[in-house]
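Subject: A structure for you to explore

Hi there,

Here is the structure I promised to pass on. Have a look at it first, and then read my notes below.

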Amino acid sequence: MIGTLNTVLQGVMLGGLYALFAAGLSLIFGIMRLVNLAHGDLIVLAAFVVLGLMHALGLDPFLATLVAMPVLAAFGYALQHLLLNRTLGRDILPPLLVTFGLSIIIQNGLLETFSADSQRLKAGAIEVASVELVPGLAVGVIQLVTLASAVGVILGLNLLFYRTELGRAFRATSDDPEIAQLMGIDNRHIFALAMAVAMAVIAVSALYLGMRANFDPTIGPARLIYAFEAVIIGGLGSFWGTLAGGVIIGVAQTVGAAINPEWQVLAGHLAFLAVLVLRPRGLFPRGSE
Amino acid sequence: MDLRDLGAPELDWRRTAGGALADRARKVLGSVGVRPLAPDAVSSRRHRGEGADPIGRYRIEVATPRSRLFAVAGACLLAVLLALPAFGSRNLINELIFVFTMLALAQYWNLLAGYAGLVSVGQQAFVGLGGYLLFALTIHQGLDPLVAILTAGAITAVLAVPTALVVFRLRGAYFAIGTWVVAEVFRLVLAQFKGLGGGTGTSLPPSVTNEVAGIAWVKALFGVSTSAARDIITYWAALALAAGTVLLVYLILRSRYGLALAAIRDSERAAESVGVDNFKTKLKVYIAAAAGTGLVGALIYLQKARISPDAAFSVADWTANVIFIVVIGGIGTIEGPIVGVLVFYVLQTNLAHWGTWYLILIGAFAIAIMLLAPRGIWGYLAERHGLALFPVRRRLIANAPDGRRGAPTPSQRAEPGSWAGEEISVSVWGGFRL
C-alpha cells in the first residue's frame, strides 16, 4: 500500500518537472501559434549555461539560475526578433523546419563545446535531504521544491497574463494579431517579449532538470516530447491544465517503471495516446478552438 | 488558392478590373467547354490534358517540349543505371543504393508534407517497422528476402491505419510531434521483442542474406562473389523502388488525386467547399507514404543486415536528413527531392568527417533556405526559367487566330500552374475567394 502510494507520489513530483518543461512551450504556442521543436534543446542549453555560470562565478545552482534568467531572456528576445518572427505566417512549414534546424544546431553546438559527457548541477546537501510525510513515506526536498516551483511558475504566468498590461497585450495578440496591431501593439516586440518570458521559465526548468538527474547534449528531444504530451493532455491554452498533464505523464511513467523498468517512457507515451483517443481536445480545453 | 494556380491567361486578368475579370474568366472557361462550378459537364478525357477543344481558341497541355526531351533522356539514364553493375565498381553500387533509398524516402515525405500538408517528423516509424518486419519475416518465417520486403510494405500499410486514426486527431504542428511520439512508441515496443534482439538489436544470419532470389544467376552473369551479387540485387531493387516511386508520385499528381492534393495544400477550406474529401484524401496519402517508406526501410536493412531499435527509429537519419533533402531541393515538386538528394550526397561524402560541424552546417543551410528561398533550389530555378521535368500542371495554350496550333506567347509560358477543364472552375472561384 505504502509502496503504491510512494510510486504515485514520486510520479506527481516528476510531473512538476514536466509541467515546468511544458509551461514554456504552452506560453509560446498560446501567444504566437509557434510550435518550437527546439524547446527541449533550449532547456538543455539553459542547463549548460547554468553549469557554466556555476563554474565561472563559483555560485550554487539556484543563484546561478537567477543570473542566467536575464541572460537567457535576452537571448530569447533576440532569437525571436532576428529569426523566429520571420517564420510566422499562415504556412506551418517554415516555423517547424527552422526550429528543427535550430534543434540540430543547438545539439551539435553543445556536443562540440561540452562533449557528450554527462553533467550534473551539484547542489550539495539539499540533493539528499528528504522529508518524511508519514512514517515510511518520504519525499526528496528537491522533488518537493520542483513541484512547488512548477505551481509558482504557473501561478506567476497566470498573474502575468490576467493582471498586467503586458499580459493584456499577450492575450490581445493571441486573439487577433491584426486588430492588436491596429490598437498600437507592435506584434513583433510582443512576440519577442513572450519568448523572453519563455526563456526565463526554461531557465527554471533547466535548474531542476540538472539537479535531479544527469544531462547531456542529446536529451533535448525527449524533453520536448514530454512537454508536448503534457500540453496536449492538459488542453491547449490552459496553464493549470498543463500542470495536470505533466502530473499524468509523471504518474504514468513511475507506475510503468514500477511494473517493469523498461516501460517507464513507454507508459507515459501510452497514457498520452489514450487521452488523445478518448479526449482529443485534452482534459481542460479552453475556448472554442 | 490564388489565381496563379489557374495558369497563364489570368496573370493578365489580374491586372483587369473585377467585373471584366469575371467576364473574361467565363469566356475562357466557355471556350474550353467548361461551365464554372459544373464539374460534371466536363469529360474525364480532359484530365489527360490532351487535345481539348480542337477548334476553339485554347487547348490544354501538360507536356512541354523540354519535358518530352527529358522523358527520352530519363529513359536512357535508366537504361545506363540498369546496366551499371556490368561496369561500375562495387563501391559505386553501394553509394547509389544509398542515394536511391534516400530519394525514395524523400519522395514519400514530400508527398506527405509538400502536397497533403501532413508535416510528419515521425516517418522513421515506418522505416524501422519495415526493417524489423524484414528481419521477423526472414528469420522467423523463412521468407525469401525480396518477398519479405514486399510483405513488410503491405503490413506497414495495415499498421498505418490505426496510427493515422490517432495522429489525425492533431493538426498542423501538433500533428508533427504526434507522429514523433508514435515513432517513439514503435521503437520502445520493438525493443521489448527478445526474438529480434531486444534493445541491442540483431543481425541477419548469412543463411538469409546469401539466399536472396536470383543470387546464383547474378553470380554466373557477372562472375562475382556472393556478397557482391547480393549488393547488385539490392541495387536493382533500390533502383526499381526509386524509379517506381518517382513514377508513382508523378502519376498520382497527374490524376484527380493530385488535383485534390494541390487544392488541399493551397486551402483546406476551399478544397472541402468544392467537394474534395480532405480526410479521406489525406488518409490515402498517409497510408501510401507509410507503405512506400516501409518498403524502403526493409530494403535499407536488407543491405545493412544489422538492426537495432535506436538506429532503425532514428529521427536524425530517417527524418531530419530526408527533410533536409526535400527542403534544399524544393518542397512540393517532384524534381526537388532529386536535386536535394544529389546535393545531400555531395555534402555528405565530402564533409561528413567534420562530424558535429557538418551537422551544424546542415541545420544552418536548411534554415537559410527556408528563410531566403523557401521553394528550394529547384523551385528557384523552375520559377526563373519555367522548367518542369515532370510537368503536372495543365496549361491553357492559346491557339493562333486562324485556328492552327500556335506557339504560346511568352507571358503564357510563364505560368506557375494550370488546371484541367473541370478544375479550372475550382481555381477561378477559389481565386475570387468566394
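Let me begin with one residue in a loop. Arg33(A) sits in the loop that runs between α1 (2-32) and α2 (39-57) of chain A. Its phi is positive, about 55°, even though Arg33(A) is not a glycine. Is Arg33(A) buried or exposed? Arg33(A) is partly exposed, because 15 other C-beta atoms lie within 10 Å, while a residue needs 20 or more to count as buried. Please keep in mind that this is a predicted model.

Chain B has a similar story to tell. Ala305(B) is placed in the loop between α13 (278-304) and β3 (306-307) of chain B. Ala305(B) is not a glycine, yet its phi is positive at about 60°. With 16 other C-beta atoms within 10 Å, Ala305(B) is partly exposed.

**Chain B as a whole**

Chain B contains 20 helices and 4 strands. Of its 434 residues, 45% are buried. If you take the contacts in chain B between residues at least 6 apart in sequence, 74% of them join residues at least 24 apart.

One helix makes a nice exercise. Helix α5 (residues 124-140) of chain B has 17 residues, which at 1.5 Å a residue should span 24 Å. The C-alpha atoms at its ends are 23 Å apart, so the two values agree. Most of α5(B) is covered, with 14 of its 17 residues buried. Just beyond α5(B) comes Gly142(B), which has a positive phi of about 70°.

**Two helix pairs in chain B**

How do α9(B) and α10(B) pack against each other? Helix α9 (residues 215-222) and helix α10 (residues 226-254) of chain B meet at an angle of about 105°, and their axes are 9 Å apart. The two helices are therefore roughly perpendicular to each other. On the α9(B) side, the contact is made by Ile215(B), Val218(B), Lys219(B) and Phe222(B), and on the α10(B) side by Thr226(B), Ala229(B), Arg230(B), Ile232(B) and Ile233(B). Sorted by class, this contact has 6 nonpolar, 1 polar and 2 charged residues. As you look at lists like these, remember that an α-helix has 3.6 residues a turn, so residues three or four places apart point the same way.

The other pair is helix α4 (residues 90-115) of chain B with α15(B), which pack at an angle of about 75° with their axes 9 Å apart. That makes α4(B) and α15(B) roughly perpendicular to each other. Among the residues in this contact are Met102(B), Leu105(B) and Trp109(B) of α4(B), and Trp318(B), Val322(B) and Val326(B) of α15(B). By class, the contact of α4(B) with α15(B) has 9 nonpolar, 3 polar and no charged residues.

**Where the chains meet**

How many residues does each chain bring to the contact? Chain A brings 31 residues and chain B brings 32. On the chain B side, α7 (172-190), α15 (315-329) and α17 (356-372) each supply at least two of the residues that touch chain A. That side of chain B has 26 nonpolar, 4 polar and 2 charged residues.

A good residue to click on here is Leu266(A), found in helix α11 (residues 264-278) of chain A. Leu266(A) has 21 other C-beta atoms within 10 Å, so it is buried. Leaving out residues up to four places away in sequence, Leu266(A) touches Gly256(A) as well as Val185(B), Leu188(B) and Val189(B). Measuring from C-alpha to C-alpha, Leu266(A) and Ile249(A) are 10 Å apart in space and 17 residues apart in sequence.

**The nonpolar core**

Which residues touch the most other members of the largest nonpolar core? In this core of 210 residues, they are Ala46(A), Ala47(A), Val50(A), Ala194(A) and Ala203(A). Helix α8 (residues 187-212) of chain A gives the most to this core, with 20 residues. Setting aside neighbours within four places in sequence, Ala203(A) is in contact with Ala46(A), Thr65(A), Ala68(A), Met69(A) and Leu72(A).

Finally, try Ala169(A), in helix α6 (residues 165-175) of chain A. Ala169(A) counts as buried because it has 21 C-beta neighbours inside 10 Å. Apart from residues up to four places away in sequence, Ala169(A) touches Ile185(A) and Ile190(A).

Enjoy exploring!

Best wishes

Conventions. Residues are numbered from 1 along each chain as its sequence is written. Chains are lettered from A and ligands numbered from 1 in the order in which they are written. This is a predicted model: local features need pLDDT of at least 70, side-chain atom pairs count only at pLDDT 80 or more; totals for chains, interfaces and linings use all residues. Two residues are in contact if their C-beta atoms, placed from the backbone, lie within 7 Å. Ala, Val, Leu, Ile, Met, Phe, Trp, Tyr, Cys and Pro count as nonpolar, Asp, Glu, Lys and Arg as charged, and the others, Gly among them, as polar. Axes are lines fitted to C-alpha atoms, for helices over the stretch in contact, and angles run from 0 to 180 degrees between N-to-C directions. Angles under 35 degrees count as roughly parallel, over 145 as roughly antiparallel, 65 to 115 as roughly perpendicular and the rest as oblique. The expected span of a helix is 1.5 Å times one less than its number of residues. A residue is buried if 20 or more other C-beta atoms lie within 10 Å of its own, exposed if 12 or fewer, and partly exposed in between; C-beta atoms are placed from the backbone. A nonpolar core is a set of buried Ala, Val, Leu, Ile, Met, Phe, Trp, Tyr and Cys residues joined through C-beta atoms within 7 Å.
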